[in-house]
Structure formats: C-alpha cells, structure tokens
Amino acid sequence: DDPSNLDESLDRNFIRHSVIPLLQQRWPTAPGSLAISAALLQESDELLGIQVEEELAACMNEQACLLLPNLLNHDEKMQALLVRRWGESLGFAPLPRARLYELLKQLKSTGDRQPAFTSNELFIARQGDRLIAHQQLPEHDNGWRTEWDGANQLQLPSDLGVLLSTGGEFDMPLEVGFRCGGERLLQGGMHRDLKTVFNAHD
C-alpha cells in the first residue's frame, strides 16, 4: 500500500480514517447514504452538462463568439454556466464567480457601454450583439511603431507572431503599431472610426 494513504494531513485521508468512522458510529447507514447521494449528484451534473452544451451550441456563431440575444434569453444562472463553459471551450481557466456575475450585470445595462472582463490570460469584450474572447496580449511596448510595405512578412514584437500581405506589396507603406484608441481610417474620401470598421468586418 502507498504509505501516503495513512497521512491524515491530506484531506482525503482525514475524511477516510477519521470523519467516516465517526459518522458511521453515530449513523451506521451514513457511508451508504453518502455514496447514493454522490451518485445522484454525479448524474445530475452529467445531465446539466449535456443541457449546457446544447444551449451553448445555439448561442455561438461560426467564429465562436457568444450571441447576446440568445444568451440573455436564459435566466441568470444559466447565463453564468454558458459564459463559463464558453470560456472553457476556448481553452481558458474557469472564470471567477463574482466577476462573472458582474459582467452579466453590465451586459444587461442600457446605453452604449461596452463592458470588458479580464481574468489571468483571458480578455472578454462586447462587440455589438456578441461577446468576443481572446488571450490577453503579453507585456509589450505600446509605443512600438514601424513602416511595412507588405513585400515581406513583418515580425511583431513580444513574440506576437507575424503579419503577411496576401496581396503582395502595397502601393504605399503602412505604419504598423498598437492601437491607442480613437484612430480613424480614410476610406473612399471619408474618415471612419477604426473600431467601427473592425467590428463590421470581424
């Protein structure tokens, strides 16, 4: 036998060697009742998991964004389960409960607020009628700028990858850098908010 199984500083061993015998002494049927309760809880959890997966499939689009009209059609507890499972399906750790419910509260607020949520490596933000999620950028120099003509791939700083131009070299070089907010794009003789352009073509 593994000697560690006798170490009652470990919770599982303390329950097995000290708690269970005491319960059995007071209530002889306790171990059997606890086993039945555990089995029922497991069955309920499995059924709930199936339901969450089905509802999540109806709430996501092809880009793995969460569709807010579909999400908010559920009660708050199911919303929390769906958002948490959505994050996990994208490979992120489970979201903290308190901050998750704060995000749901903000999503239901009126006005033009665009709530955002960060947790460890995860970033969630609202874009129109959907939620997007992606990994937070590693630490980097927000002031980094460089010119790029599109002829060759551009190596981004902080191991963020490379940019490639599928159309070859540009007619004129572009300045590439991190967004600071408020940028505008000259398109067809008109200036447009860059965030609006991104949202329309994402």
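A nonpolar core, as I will use the term today, is a set of buried Ala, Val, Leu, Ile, Met, Phe, Trp, Tyr and Cys residues joined through side-chain atoms within 4.5 Å. Please keep in mind throughout that what we are looking at is a predicted model.

With that in hand, let me start in the largest such core, which has 21 residues, and in which Leu-66, Val-83 and Ile-124 touch the most other members. The elements that contribute two or more residues to this core are helix 2 (30-59), helix 3 (68-71), helix 4 (76-89), helix 5 (97-107) and strand 3 (122-127), and the largest share, 5 residues, comes from helix 4. There is also a second, separate core of 6 residues, which includes Trp-144, Trp-148, Leu-154 and Phe-178.

Let me now turn to Leu-66 and the sheet. If we leave aside its neighbours within four places in sequence, Leu-66 is in contact with residues that include Leu-56, Cys-59, Met-60, Val-83 and Trp-86, and also with Asp-129, Arg-130 and Leu-131. One of these, Leu-131, is the bridge partner of Leu-66 in strand 4, and strand 1 and strand 4 (residues 130-135), which run antiparallel, are joined by 2 bridges. Taken as a whole, the sheet is open and antiparallel, with 4 strands in the order 1-4-3-2, and its edges are strand 1 (66-67) and strand 2 (116-119), each of which pairs on one side only.

Next, the helices that lie over this sheet. Helix 4 lies across strand 1, strand 3 and strand 4, and runs at about 35 degrees to strand 4, while helix 5 lies across strand 2, strand 3 and strand 4, running at about 170 degrees to strand 2.

One residue of helix 4 deserves a pause, namely Gln-79. Is Gln-79 buried or exposed? Gln-79 counts as buried because its relative accessibility is 2%, and the cut-off for buried is under 20%. Leaving aside neighbours within four places in sequence, Gln-79 is in contact with Leu-71, Leu-72, His-74, Leu-104 and Lys-108.

Finally, let me take you to the N-terminal pair of helices. The axes of helix 1 (residues 11-26) and helix 2 come within 8 Å of each other and cross at roughly 115 degrees. On the helix 1 side the contact is made by Ile-20, Leu-23 and Gln-24, and on the helix 2 side by Ala-30, Pro-31 and Leu-34. Sorted by class, this contact has 5 nonpolar residues and 1 polar residue, with no charged residues.

Terms used:
Residues numbered from 1 in each chain as written. Predicted model: local features only at pLDDT ≥ 70, side-chain atom pairs only at ≥ 80, totals over all residues. Heavy atoms only, no water. Buried < 20%, exposed > 50% of the residue type's maximum accessible area, 1.4 Å probe, protein only. Contact = heavy atoms within 4.5 Å. Pairing = 2+ DSSP bridges. Axes fitted to C-alpha atoms, helices over the stretch in contact; angles between N-to-C directions. Nonpolar A, V, L, I, M, F, W, Y, C, P; charged D, E, K, R; others polar.
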